[in-house]
Each structure stands twice: as structure tokens, then as C-alpha cells.
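Work through these exercises with the model open beside you. Try each task before you read its solution.

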Amino acid sequence: MRAKFWILFLILPSLSFSQTLTGTVVDKATQEPIETVSVYFDNTTIGTTTNEKGEFSITYTDAVQSTLVISYLGYEKVLISDFRSKNDITVELIEAKNELDEVYLEYDDGLTRKQKLKLFRKEFLGTSKFAKSCEIQNEDDIILRYDKRNKALYASAKAPIEIINKALQYNVSFDLIDFEVSFRYVNPKSNSFTVNSVSYFGTSFYKNIEDFKENKAEKNREKAYQGSVQHFLRSLYNKSLEENGYWIFHGKFRVNEWEYFKIETIEETTLKKVSLEDKVSILYDKDIQSEIQIKVDHFVLDRFGNYSPIVGVYFSGALGSQRLGDSLPSDYGIKEE
């Protein structure tokens, strides 16, 4: 099974110092300031909210390579990728139109809501022990539709999906933009579903849960990190695959990884260009199997494990089975120099 999980990374040359972005958020129609607007860097723990004057201030460093998100319920979300070139900004939010079709919500598409929710939880959160500790707090906001002809499940949401990950000790707010599960085989009567592919797309913000237990969090987060896509990509960037427990195979034979992965430094940046000679298998810790396939000429990788483009780089096996319940923010484990 192939899986794709998209996040809104914009990879730029790294800076060596921290910067602060300030701004004001207003209603475009009335020009009145909006309080408690969420302002955060996608897939990180770095975020804030606006005050009663609609003002915010957020500090970032070179570890932040993702898009700035400005989000408030009832308004269209604003994404800013070129925030490094800005200083004090004014963001005008436009009131969102309610495009949900109430008739569509009641449509009999061949699966019960209970069946669709179960499938959604499995493919969105995952099935690992970390995923099983997750609870979605606002399932009533999730809209699910099954397409019988194409054997596909689609999801959208009226509000960001709020998840408590007890094992990793995170509250995750995931603003779902797109979700699709394609099935090879479906039998609703016996609850038999064979998944062909999974893809979902959205922005996310992480923060520690209210009853935060530091020792538990550190232990479980490190377990989740080791052998993850994030860990693999950082090891690839640093050319330390073997040192970090990764063996590369072509066919049935172990090969020299650097005869297949070509890593080139991009001049005057800390970015690297990665290309792959052929589809290879990945063995982690001499036991856990995955595959990577690249359907683009190359992708650009930074030292934090962010890469672009997302579409065209595919993982399967253990790496491809990881879901939101196993995920860590992109700034996890980053030590500023």
C-alpha cells in the first residue's frame, strides 16, 4: 500500500539568526480587529494567538521551513510562504461561505457513518500503539462520503480536527484540506476493506497536553522518531544512513547506499539535491522493511528533514504505514546552534 501525507513546506536557504514577525489580523469587510486568531507555523510547536487589538508577534529561526498559517473559525484560512521577506503585516480575513450541502450529508452512499468513522480513524490516525492512544475530540465536525463506483472514502471537516495523543503527550490541531482512501476490495456486510492507497493534506499545530508528563513524553517521542520518515530523511541529508541503522537493498542484495542515492549540495545554501537511481528497499534496525520510490528527477532536502516537492516521493512498507498518530512536529529534536 502506498501512502502520501502532504504538508505545506517551503524550503528556503537557512538563516543563522532568529527573527520576529509582527502583524495585525482584521475582518476584510469591516476592518475590525479579530481576537484569538490562531497564528502558527505548519507542522510545528511554534504558534500564538492575536490579542484584543488583533495583534500578534511570532519568533522563528532557520529551523522553521514551513508555511505560516493564519486561521480562525468562520473565515477562510490564509497561508503565507514568503514570511521571511516581511516585517509588520496586516492580514485581512474573508468570511467563509458555507458550501456544505445538507442533502449530501444525509445521502445513503452504501456505508454507515459508524463504518466510515472507523475507516477514517484507522487511516488518519494509524494502528500503532501511539495511534491507539489518540482520541479525536470533535468527530461531529467530520464529514464523510463514500463513492461506491470508485471505491473511495473522502473526508472534510467543518473545523480543525482536534486530537489528543496521550502516548506522545501532544494536542494536535489538524486543519484538514483533503483526505482520500482508495480501496481495492469492499464488502460492507462483512466489514471487509482492502486499502489501495491513502492520501491526506492539511496544516497542523502541536502543543503539549494539559496534564503533560515530561518523562513519558521524551521516552515515547524518541521511540516514534527512531525509524520514522523524519529520521530517515535527516539521516539521508547527513549521509549517515548506515550509522543510524538503515541498510539499503536493490532486489535481494544489500548495496552501497551512495551508489543509488545521489546527494549534491546546492551552492550558497545549506540545501541538498537528492536523486535516486532506482527503486530501493530500506531495512531499519535489521528488521523493519520499507521502500522508497521517487517519480521526479530529484527533490530538495534541508537538514531538518523537510523536502520538496512532496508529490512524487513515495514510501511504502513501515514508513508508508505511519500516520498522524505516529507523527512529530518538524521542529522536534532541533537544537539551535
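**Exercise 1. Two strands side by side**

How many bridges join β3 to strand β6, and do the two run parallel or antiparallel?

*Solution.* Start with the source: this is a predicted model, where local features need pLDDT of at least 70, side-chain atom pairs count only at pLDDT 80 or more, and totals for chains, interfaces and linings use all residues. Residues are numbered from 1 along each chain as its sequence is written, and side-chain values use heavy atoms, with hydrogens and water left out.

Next, the terms. Helices (H or I, at least four residues) and strands (E, at least two) are DSSP runs, numbered from the N terminus. Two strands pair if DSSP finds at least two bridges between them.

Now look at β6, residues 68-71. Four bridges join β3 to this strand, and the two run antiparallel. Ser 38 stands opposite Ser 71 in β6.

**Exercise 2. The sheet around β3**

Find the order of the strands in the sheet, then name its edges.

*Solution.* Step one: the open sheet has four strands, in the order β4-β3-β6-β7, with antiparallel pairing. Step two: β4 (47-49) and β7 (78-80) stand at the edges. Each has a single partner strand, so one side of each is left without a neighbour in the sheet. Step three: neighbouring strands here are turned by 15 degrees against each other on average, direction ignored.

**Exercise 3. Aromatic pairs**

Classify the pair formed by Tyr 40 and Phe 205, and say which parts of the chain it ties together.

*Solution.* First, the rule. Rings of Phe, Tyr and Trp (its six-membered ring) pair if their centres lie within 6.5 Å; planes under 30 degrees apart count as stacked, over 60 as edge-to-face and the rest as tilted. By this rule the count comes to 21 aromatic pairs.

For Tyr 40 and Phe 205, the centres are 5.4 Å apart and the planes make 40 degrees, which is tilted. Tyr 40 lies in strand β3 (residues 38-41) and Phe 205 in strand β14 (residues 192-208), so the pair ties together parts that are 165 residues apart in sequence.

Then check burial (buried means under 20% relative accessible area, exposed over 50%, partly exposed in between, with a 1.4 Å probe and protein chains only). Tyr 40 is at 6%, so this residue counts as buried. Phe 205 is at 17%, so Phe 205 is buried too.

Try a second pair. Tyr 246 and Tyr 284 have ring centres 4.7 Å apart and planes at 40 degrees, so this pair is tilted. Tyr 246 is in strand β15 (residues 246-250) and Tyr 284 in strand β19 (residues 280-284), 38 residues apart. Tyr 246 has 1% relative accessibility and is therefore buried. Tyr 284 has 13%, so Tyr 284 is buried.

Finally, look for a cluster: Phe 120, Phe 124, Phe 174, Phe 179 and Tyr 200 form one.

**Exercise 4. A serine in a helix**

Where is Ser 235, and is this residue buried or exposed?

*Solution.* Ser 235 is in helix α5 (residues 229-237). With 2% relative accessibility, Ser 235 counts as buried. Now list its neighbours by contact (heavy atoms within 4.5 Å). Leaving out residues up to four places away in sequence, Ser 235 touches Ser 240, Leu 241, Asn 244 and Tyr 246.

**Exercise 5. A second sheet**

Give the strand order of the sheet that holds β21, and name its edge strands.

*Solution.* Four strands form this open sheet in the order β17-β18-β21-β22, paired antiparallel. The edge strands are β17 (261-265) and β22 (307-308), each pairing on one side only. Two bridges join β21 (residues 299-301) to β22. Val 300 stands opposite Ser 308 in β22.

Key: Axes fitted to C-alpha atoms, helices over the stretch in contact; angles between N-to-C directions.
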